[in-house]
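Please open the model in your viewer and keep the sequence panel beside it, since this tour moves from one selection to the next.

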Amino acid sequence: MKNENCYTKAQLSWLVILRLFIGWHFMYEGLVKVMNPKWTSLPYLLDSKGPAADFFIKMTQHAELMQVINFLNEWSLILIGFALIAGCFARIACVGGMFLLLMYSLSHPSILGVSYLMPFEGSYLWIDKNLVEFAALGLLCTFPTSRIIGLDRIIQRWVPGFFHTYKLI
């Protein structure tokens, strides 16, 4: 049986499960950082070896900028995760998550011959977990399940045309 958006129940279920899992991952990563008062992205940025390494390393030379970067990283992860879990502005959350993952990949790409201070959780060649999650968020962005199961469904009912008016779908 298909629903109003032509998804089968199995397709919708797995897409929502994927959205919830990625949302949990993002939110948990952000909460861990917020709850650790000593956490900073400084060592990660200093360890950059990707195509934008100079850019990331230069950011570490400004204490005020590092405070902003840490705050934005922590709370972006939390808000993106929450939005994905709740299905509230999920498409914006997907794009925001893709942006963060792209920045992480530019800083620490998975390429041969490069070693980092923090070990990877396996052996990767070109495609690591960040890029897999990036692709999954791209998929979720194109299949707006939050408009079927999520707060976006309520928003769509209360403010008809909202998502079309603001190009959020």
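Select helix 5 in this predicted model and display whatever surrounds it: the buried residues of helix 5 are covered by parts that include helix 1 (9–35), helix 2 (42–46), helix 3 (53–59), helix 4 (63–86), helix 6 (129–142) and helix 7 (151–158). The residues of helix 5 that count as buried are Ala90, Ala93, Cys94, Gly97, Met98, Leu100, Leu101, Tyr104, Ser105 and Ser107, and showing their side chains is a useful way to follow that cover. Helix 5 itself takes in residues 90–107, 18 residues in total, and spans 26 Å from its first C-alpha to its last, close to the 26 Å expected at 1.5 Å a residue.

Next, select Ser110, which lies in the loop between helix 5 and helix 6. Is Ser110 buried or exposed? Ser110 counts as buried, because its relative accessibility is 8% and the cut-off for buried is under 20%. To see what it touches, add Tyr124, Leu125, Trp126, Ile127 and Asp128, the contacts of Ser110 when residues up to four places away in sequence are not counted.

Finally, select the whole protein and colour it by secondary structure, which comes to eight helices and zero strands, in the order α-α-α-α-α-α-α-α along the sequence. Of the 169 residues in the protein, 39% are buried, and among contacts between residues at least 6 apart in sequence, 70% join residues at least 24 apart. If you then turn on the surface, the protein exposes about 10500 Å², of which carbon and sulfur atoms supply 71%.

Notes. Residues are numbered from 1 along each chain as its sequence is written. This is a predicted model: local features need pLDDT of at least 70, side-chain atom pairs count only at pLDDT 80 or more; totals for chains, interfaces and linings use all residues. Side-chain values use heavy atoms; hydrogens and water are left out. Helices (H or I, at least four residues) and strands (E, at least two) are DSSP runs, numbered from the N terminus. The expected span of a helix is 1.5 Å times one less than its number of residues. Buried means under 20% relative accessible area, exposed over 50%, partly exposed in between (1.4 Å probe, protein chains only). Contact means heavy atoms within 4.5 Å. Accessible areas come from the Shrake-Rupley method with a 1.4 Å probe; for residues, only the protein chains shown count as cover.
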